[in-house]
Amino acid sequence: MPTKSLVLVRLQKPVPVQEKLFVATCHLMANSLLLVVMIKRQVVLWSTEPLQPKYSLEGHSWLITDVRFSPSMSRLATSSFDKTVRVWDAENTGDLLRIFTGHPRPVICLDFHPNKEDMICSFDSDGEVRCWSINNNSCLNCVKVFKGGATHMRIQPRKGKYLAAASEKVIYILDAETQLVCRSPLQGHIKKIQSVCWDPTGDYLASVSLDSVRIWSFASGRDGEFVRELDCSGKLLCSSVFHPTYPSLLVIGCYKTLELWDVRENNSMTLNNAHDALVAGLAASSQSGQIASASHDQTVKLWK
């Protein structure tokens, strides 16, 4: 796709958030028109058509760190500095379904397994990964991958074979079901990794550090092979998501801007003035083709 096609158009007015509460991240339900926004100790669910709030979920005693919709069911999960993982009913009134405890440190992120509706994994700040059964309300596995420096974790979509967990400048690749290390860590970043994300097919993994993005191939026979790197020195990178309609297009959240990188063509462009502060979270919906960007400027914006 040529560079001139790398354009995102804002669909609607920004979703406003209560004054003085910056937005840390957001997520879009893949097969529905629901947007969830994370604000300190609560999450707020919005309908995207029409754009209006539905209800909020409260219960965590400390800052919420991550929020994810289940890829196949009307559930969402939240993690928090309060060391818990909570699972909610996303379709009705936001009823609390489960509270998982056991992490010794703050839980910084979580993810649903794409092929096992009952399974969710969580990752704490000290490098411990736990796998939970929602139906049985129990911990299936607990593995200490490394000590300290944990930043982000995501499970490979569709295939569900791998779990990518980042610590400092390194990415550990685990078996998504057993949480055992599958291969040597992925290395090459000069600065601390901020986030990781998979493309919709699960064939490519993007890792975002403060000033660069690396692409790794997990296509057949190339598990973890380095593909290419985008140097974004001076742009303060934070988040990323692959476009749901153009799978080779990676959208990168930076300070006030969005970087659009066509990985296949190795072309990039900057969308200036996307927000008025750091773009801390990005999410995509395969059904609507929309992308949501959440920022510390107290807004969430929808793009296509």
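This is a chat about the fold, the aromatic pairs and a pocket of a predicted model.

Student: What should I know about the model before we start?
Tutor: Residues are numbered from 1 along each chain as its sequence is written, and side-chain values use heavy atoms, with hydrogens and water left out. This is a predicted model in which local features need pLDDT of at least 70 and side-chain atom pairs count only at pLDDT 80 or more, while totals for chains, interfaces and linings use all residues.

Student: How many helices and strands?
Tutor: Zero helices and 27 strands. Helices (H or I, at least four residues) and strands (E, at least two) are DSSP runs, numbered from the N terminus.

Student: What is the radius of gyration?
Tutor: The protein has 18 Å, which agrees with the value near 19 Å for a compact globule of 304 residues. The radius is taken over C-alpha atoms, and the globule rule is 2.2 Å times the number of residues to the power 0.38.

Student: And how many aromatic pairs in the whole structure?
Tutor: Seven. Rings of Phe, Tyr and Trp (its six-membered ring) pair if their centres lie within 6.5 Å; planes under 30 degrees apart count as stacked, over 60 as edge-to-face and the rest as tilted. One of the pairs is Trp62 with Phe81, edge-to-face at 5.7 Å centre to centre and 85 degrees between the planes.

Student: Where do Trp62 and Phe81 sit?
Tutor: Trp62 is in the loop between strands E5 (51-58) and E6 (64-69), and Phe81 is in the loop between strands E7 (75-80) and E8 (85-89), 19 residues apart. Trp62 is partly exposed at 45% relative accessible area, and Phe81 is partly exposed at 30%. Buried means under 20%, exposed over 50%, partly exposed in between (1.4 Å probe, protein chains only).

Student: Phe123 and Phe146, buried or exposed?
Tutor: Both are buried. Ring pairs link Phe123, Phe146 and Tyr172 into a cluster.

Student: Changing topic, what lines the second largest pocket?
Tutor: Its lining includes Asp199, Tyr204, Arg228, Phe242 and Arg264. The volume is about 180 Å³.

Student: What counts as a pocket, and as its volume?
Tutor: On a 1 Å grid over the protein atoms alone, a pocket is an open set of points where a 1.4 Å probe fits, with protein on both sides within 12 Å along at least five of seven lines; lining residues have an atom within 4 Å of a point. Grid points are joined across faces, edges and corners, and a volume is the space filled by probe spheres set on the points.
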